[in-house]
Amino acid sequence: MSNMKKEYAYLPLLVELGKRGCIYTPLRVSRSELAKSIGVSGWKLKRMLREAEAEGLLVAIRVGNSVRYRLTDAGRRILEDFYRDLRGIFDERNLRLKGVVTSGLGEGAVYMSIPQYRARFAELLGYEPFAGTLNVKLYDEYVPVRRTLRDAAGYRIEGFSVNGRVYGGVTVYKASIRGHDRSAECALLELDVTKHGPEVVELIAPVKLRDVLKLKDGDPVEILVYL
Ligand code: CDP
């Protein structure tokens, strides 16, 4: 995790490169203007760029005398994390839920492997979710907060039946989850039919959250639901 703090030290550089469009395409940027925006000397900027490149946060493509810069996936991820943090701070409509990671009965994996659901989730969220759901047991005081979700607009996946078996509908809310000192994109599912009580929420994500956020049962997490 100490590594993460080090990465955040590059935030001003990554933000300025992002503002100049170096997100997916390698672009030429004026190093003197960049230095001015960040408020460092030309010499210091050069060192920052070299270190950020060594950390795998950006790539510098040298053509003759000119250099083009582009953020890497890791560099973009730092900006995305930061963006989620800012949304959490400033967007007051968002719903904040807190609880601890818990294990279910392996049903999430079954549910999330059904092709019809997978296709709909991919369509709504823009990613293929990891085949499973991360269960979070909310602290008592957040259960009423969760209930207010019912009145909020989410993305709707209607129930369907395959070979006579009925699969229930789901309302999907885009969200992010923070554990320890990292956050990740996810979505909160409100299932029409569930065996869980109102204290348990189920999350899906493009990645296995337990691995990415280093979570085990009982670890505290915070969920920010984007409304
Ligand atoms: O066994 P359980 O019902 O809790 O979970 P599952 O839906 O079968 O998912 C398999 C495992 O992946 C569980 O340990 C989940 O907590 C975990 N998971 C995760 O870490 N990230 C996700 N996006 C989905 C599931």
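How far is an oxygen atom of the ligand from an N or O atom in the side chain of R210? In this predicted model, the separation between the two atoms is 2.7 Å. Two further pairs involve the protein backbone. A backbone N or O atom of T133 is placed 2.8 Å from a ligand oxygen atom, and for L105 the corresponding backbone distance to an oxygen atom of the ligand is 3.3 Å. The ligand on its own exposes 520 Å², of which 87% is buried by the protein. In total, 16 residues surround the ligand, and those that come nearest are G104, G106, T133, L209 and R210.

T133 was examined further. This residue is located in the loop that runs between α7 (115–125) and β5. In addition to its backbone approach to the ligand, T133 takes part in side-chain polar contacts within the protein. One such contact, of 2.7 Å, is made with the side chain of E202, and another, of 3.4 Å, is made with the side chain of N135.

T133 and E202 also appear in the description of the largest pocket, where they are listed with E107, G108 and Y111 as the residues nearest the pocket centre. The volume of this pocket is about 780 Å³, and its lining consists of 36 residues. By class, 19 of the lining residues are nonpolar, 11 are polar and 6 are charged. Helix α6 (107–111) makes the greatest contribution to the lining, with 5 residues. At least two residues each are supplied by α6, by the strands β5 (134–138), β8 (165–167), β10 (182–191) and β11 (200–204), and by the helix α9 (209–212).

The second largest pocket encloses about 350 Å³. Its lining is made up of 19 residues, with E80, R84, A184, E185 and P206 lying nearest the centre. Two or more of the lining residues come from each of α5 (73–90), β9 (170–179) and β10. The class composition of this lining is 10 nonpolar, 2 polar and 7 charged residues. Strand β10 is thus named for both pockets, as a source of at least two lining residues in the largest and of two or more in the second largest.

At the level of the whole chain, two domains are assigned, with domain 1 covering residues 3–76 and domain 2 covering residues 91–225. The centres of domain 1 and domain 2, computed over C-alpha atoms, are 35 Å apart.

Notes. Residues are numbered from 1 along each chain as its sequence is written. This is a predicted model: local features need pLDDT of at least 70, side-chain atom pairs count only at pLDDT 80 or more; totals for chains, interfaces and linings use all residues. Side-chain values use heavy atoms; hydrogens and water are left out. On a 1 Å grid over the protein atoms alone, a cavity is a set of points where a 1.4 Å probe fits but cannot get out, and a pocket is an open set with protein on both sides within 12 Å along at least five of seven lines; lining residues have an atom within 4 Å of a point. Grid points are joined across faces, edges and corners, and a volume is the space filled by probe spheres set on the points. Helices (H or I, at least four residues) and strands (E, at least two) are DSSP runs, numbered from the N terminus. Ala, Val, Leu, Ile, Met, Phe, Trp, Tyr, Cys and Pro count as nonpolar, Asp, Glu, Lys and Arg as charged, and the others, Gly among them, as polar. Domain bounds come from an automatic or database domain assignment. A residue is near a molecule or strand if one of its heavy atoms lies within 4 Å of it. A polar contact is a pair of N or O atoms within 3.5 Å; within protein, one must be able to donate a hydrogen and the other to accept it, and residues adjacent in sequence count only if both atoms are side-chain atoms. Accessible areas come from the Shrake-Rupley method with a 1.4 Å probe; for residues, only the protein chains shown count as cover.
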